[in-house]
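Dear colleague,

I am handing over the structure that we spoke about, and below it I have set out what was found. Please read the notes with the model open beside you.

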Amino acid sequence: MSAEEAEELLREVVGFLVTLVEACGAVVIAVGAVWAFARFIAVAVRGGGSRRFVPVRLTLGRFLALGLEFQLASDVLRTAVAPSFEELGKLAVVAAIRTALNHFLSKEIAEERRQVAEERRRSERDEPPPPLPVPERGR
């Protein structure tokens, strides 16, 4: 097998892997979106206020973050075989954008988790509110 044939085979294998990893990322995001939508409908039907939607958002955020990681992995694979400077530049821009998205998404997830935990602690400590006073009637 010549060097050109080996490089072509490597390009084909990496091309297949890129497609596979991109598909995995798309599946993760799609599953997360479907799951979140189903949970959203269930929470909306049961009611309970906006704070019941926070766990749904947190889980969707986790799915999105994982999906973005798969997409970034596919971009890295795409440039693994003899990349040009143009391809490396595109990878750097895409990686920076996806990393920034993932960073801010992770920060939002952490903040939501903190708020949920704080709310739980408060609700576990607090006793039910006292009954409302009965207004006095005029004399």
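Before turning to single residues, it helps to have one set of terms in hand: a residue counts as buried when its relative accessible area is under 20%, as exposed when that value is over 50%, and as partly exposed in between. Ala23 has a relative accessible area of 37%, and is therefore partly exposed. Please also keep in mind throughout that this is a predicted model.

To begin with the overall picture, the protein chain has three helices and zero strands, and its elements, read from the N terminus on, follow the order α-α-α. Of the 139 residues in the protein chain, 21% are buried. The area that the protein chain exposes is about 10,400 Å², and carbon and sulfur atoms supply 65% of that area. If one takes the contacts in the protein chain with a separation of 6 or more, residues 24 or more positions apart account for 76% of them.

Next comes the pairing of helix 1 with helix 2. How do the axes of these two helices cross? They come within 8 Å of each other and cross at roughly 170 degrees, and because angles over 145 degrees count as roughly antiparallel, helix 1 is roughly antiparallel to helix 2. The residues of the contact between helix 1 and helix 2 divide into 23 nonpolar, six polar and three charged.

Two residues of helix 1 can be followed across to partners elsewhere in the sequence. Ala23, which is found in helix 1 (residues 3-46), is 48 residues away from Gln71 in sequence, while the two are 8.7 Å apart in space, C-alpha to C-alpha. Gln71 itself has its place in helix 2, and its relative accessible area of 14% is under 20%, so Gln71 is buried. Leaving aside residues up to four places away in sequence, Gln71 touches Glu22, Gly25, Ala26 and Arg98. Phe37 also has its place in helix 1, and with a relative accessible area of 53%, which is over 50%, Phe37 is exposed. Phe37 and Arg57 are 20 residues apart in sequence, and their C-alpha atoms are 9.9 Å apart in space.

The pairing of helix 2 with helix 3 can be read in a similar manner. The axes of helix 2 (residues 54-78) and helix 3 (residues 85-125) come within 9 Å and cross at roughly 160 degrees, which makes helix 2 roughly antiparallel to helix 3. Helix 2 passes helix 3 in a left-handed crossing, and the residues of their contact divide into 14 nonpolar, four polar and eight charged.

Is Leu91, to take one residue from this part of the model, buried or exposed? Leu91 lies in helix 3, and its relative accessible area is 16%, so by the cut-off of 20% Leu91 is buried. Not counting residues up to four places away in sequence, Leu91 touches Asp75, Val76 and Thr79. Leu91 and Leu72 are 19 residues apart in sequence, and 8.8 Å apart in space, C-alpha to C-alpha.

With best wishes

Notes: Residues numbered from 1 in each chain as written. Predicted model: local features only at pLDDT ≥ 70, side-chain atom pairs only at ≥ 80, totals over all residues. Heavy atoms only, no water. Axes fitted to C-alpha atoms, helices over the stretch in contact; angles between N-to-C directions. Helix = DSSP H or I, 4+ residues; strand = E, 2+ residues; numbered from the N terminus. Parallel < 35°, antiparallel > 145°, perpendicular 65-115°, else oblique. Left-handed = near helix turned anticlockwise from the far one by under 90°. Nonpolar A, V, L, I, M, F, W, Y, C, P; charged D, E, K, R; others polar. Buried < 20%, exposed > 50% of the residue type's maximum accessible area, 1.4 Å probe, protein only. Contact = heavy atoms within 4.5 Å. Areas by Shrake-Rupley, 256 points an atom, 1.4 Å probe, with all protein chains shown as cover.
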